[in-house]
Amino acid sequence: MKPLSDAGTNAASGESSNDRLEAERRRLAAIAQQLKIGAYHRHVLLCVGDSCCRAEVGAAAWECLKGELKRRNLSLAEGPQACYRTKVDCLRICTGGPILVVYPEGTWYMGMTADRIPRFVQQHLVEGQPIEEWIFARNPLPLLDDRPDAQARKAGR
Ligand code: FES
């Protein structure tokens with residue numbers, strides 16, 4: 001990955017570090033726009049790390065998740081079912097995987113092998129009905145307006 005620029009001005013080009021930083025910010029913003037970041041209502045993170053599942057099990061689950069999201073037009077989409085996906089190496093559970101977590105609901109799923117993914121996508125992501133028997137923890141994120149700091153700002157505190 002290309003590092004961000006150093007401080008100061010490049011005498012040869014006259015380009016300042018602020019110019020380079022702004023150019024980098026614009027480049028990344030264009031990538032984010034292509035990925036429709038800003039339009040998503042959910043983010044699914046799937047752990048394929050080797051402490052919670054064998055590599056081939058994690059890889060199969062990830063390929064299935066990608067395929068199901070694409071097939072149902074949930075990935076690179078807009079609207080209330082638009083979903084961003086991320087493959088990660090560890091969610092700090094490290095057993096009983098593949099572990100999967102969905103935000104903003106903060107629903108943590110265990111044993112999300114490829115054979116479970118189609119039902120998860122249909123039932124949780126499309127129908128909004130979490131699959132209770134596969135859930136082992138919950139941590140819903142508060143809406144920004146419900147957070148104490150937001151309420152304090154509104155109240156002028
Ligand atoms: S390796 Fe999957 S949670 Fe740690």
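Colleague: Why does Phe120 count as buried?

Modeller: Phe120 has 23 C-beta neighbours inside 10 Å. A residue is called buried if 20 or more other C-beta atoms lie within 10 Å of its own, exposed if 12 or fewer, and partly exposed in between, with C-beta atoms placed from the backbone. Phe120 therefore counts as buried. One caution early on: this is a predicted model, where local features need pLDDT of at least 70 and side-chain atom pairs count only at pLDDT 80 or more, while totals for chains, interfaces and linings use all residues. Residues are numbered from 1 along each chain as its sequence is written.

Colleague: Thanks! Where is Phe120 found, and which residues does Phe120 touch?

Modeller: Phe120 is found in helix α3. Helices here are DSSP runs of H or I with at least four residues, strands are runs of E with at least two, and both are numbered from the N terminus. Not counting residues up to four places away in sequence, Phe120 touches Tyr109, Met112 and Ile131. Contact is judged on C-beta atoms placed from the backbone, which must lie within 7 Å. Arg147 is another matter: 27 residues from Phe120 in sequence, and 29 Å from Phe120 in space, C-alpha to C-alpha.

Colleague: What makes the buried residues of α3 line one face of the helix?

Modeller: The buried residues of α3 (residues 117–126) are Ile117, Phe120, Val121, His124 and Leu125. Seen down the axis of α3, they fall within an arc of 105°, so they line one face. That arc is the one covered by the directions from the helix axis to the C-beta atoms. The general background is that an α-helix has 3.6 residues a turn, so residues three or four places apart point the same way.

Colleague: Which elements do the buried residues of α3 pack against?

Modeller: They pack against β3 (42–47), α2 (55–71), β4 (83–88), β5 (100–103) and β6 (107–109). Just after α3, Gly128 takes a positive phi of about 70°.

Colleague: And α2: how do you know that its span agrees with the expected one?

Modeller: The expected span of a helix is 1.5 Å times one less than its number of residues. For the 17 residues of α2 that should give 24 Å, and its end C-alpha atoms are 24 Å apart, so the two agree. The buried residues of α2 are Gly58, Ala61, Cys64, Leu65, Glu68 and Leu69. Seen down the axis of α2, they fall within an arc of 130°, so they too line one face. The face turned away from that buried side carries the exposed residues Ala55, Glu56, Glu63 and Arg71. The buried residues of α2 pack against β3, β4 and α3.

Colleague: What makes α1 lie largely in the open?

Modeller: Of its 18 residues, the number buried is zero, so α1 lies largely in the open. Helix α1 (residues 17–34) reaches 26 Å from its first C-alpha to its last, close to the 26 Å expected. Lys36, just after α1, takes a positive phi of about 60°.

Colleague: Now the sheet. Why are β4 and β7 called edge strands?

Modeller: Five strands form an open sheet in the order β4-β3-β5-β6-β7, with mixed pairing. β4 and β7 (135–138) are the edge strands: each pairs on one side only. Two strands count as paired if DSSP finds at least two bridges between them.

Colleague: How many bridges join β3 and β5, and how many join β5 and β6?

Modeller: β3 and β5 pair in the antiparallel sense over four bridges, and β5 and β6 pair in the antiparallel sense over three. Leu46 stands opposite Leu100 in β5, and the bridge partner of His43 in β5 is Tyr103. Val102 stands opposite Thr107 in β6. The hairpin of β5 and β6 has three residues between the strands, and in it Gly106 takes a positive phi near 65°.

Colleague: Last one: what makes the chain more spread out than a compact globule?

Modeller: The chain comes to four helices and seven strands. Its radius of gyration is 20 Å, well over the 15 Å that the globule rule gives for 157 residues, so the chain is more spread out than a compact globule. The radius is taken over C-alpha atoms, and the rule is 2.2 Å times the number of residues to the power 0.38. Of the 157 residues, 20% count as buried. The C-alpha atoms fill a box of roughly 60 × 45 × 30 Å, taken along the principal axes.

Notes
Two residues are in contact if their C-beta atoms, placed from the backbone, lie within 7 Å.
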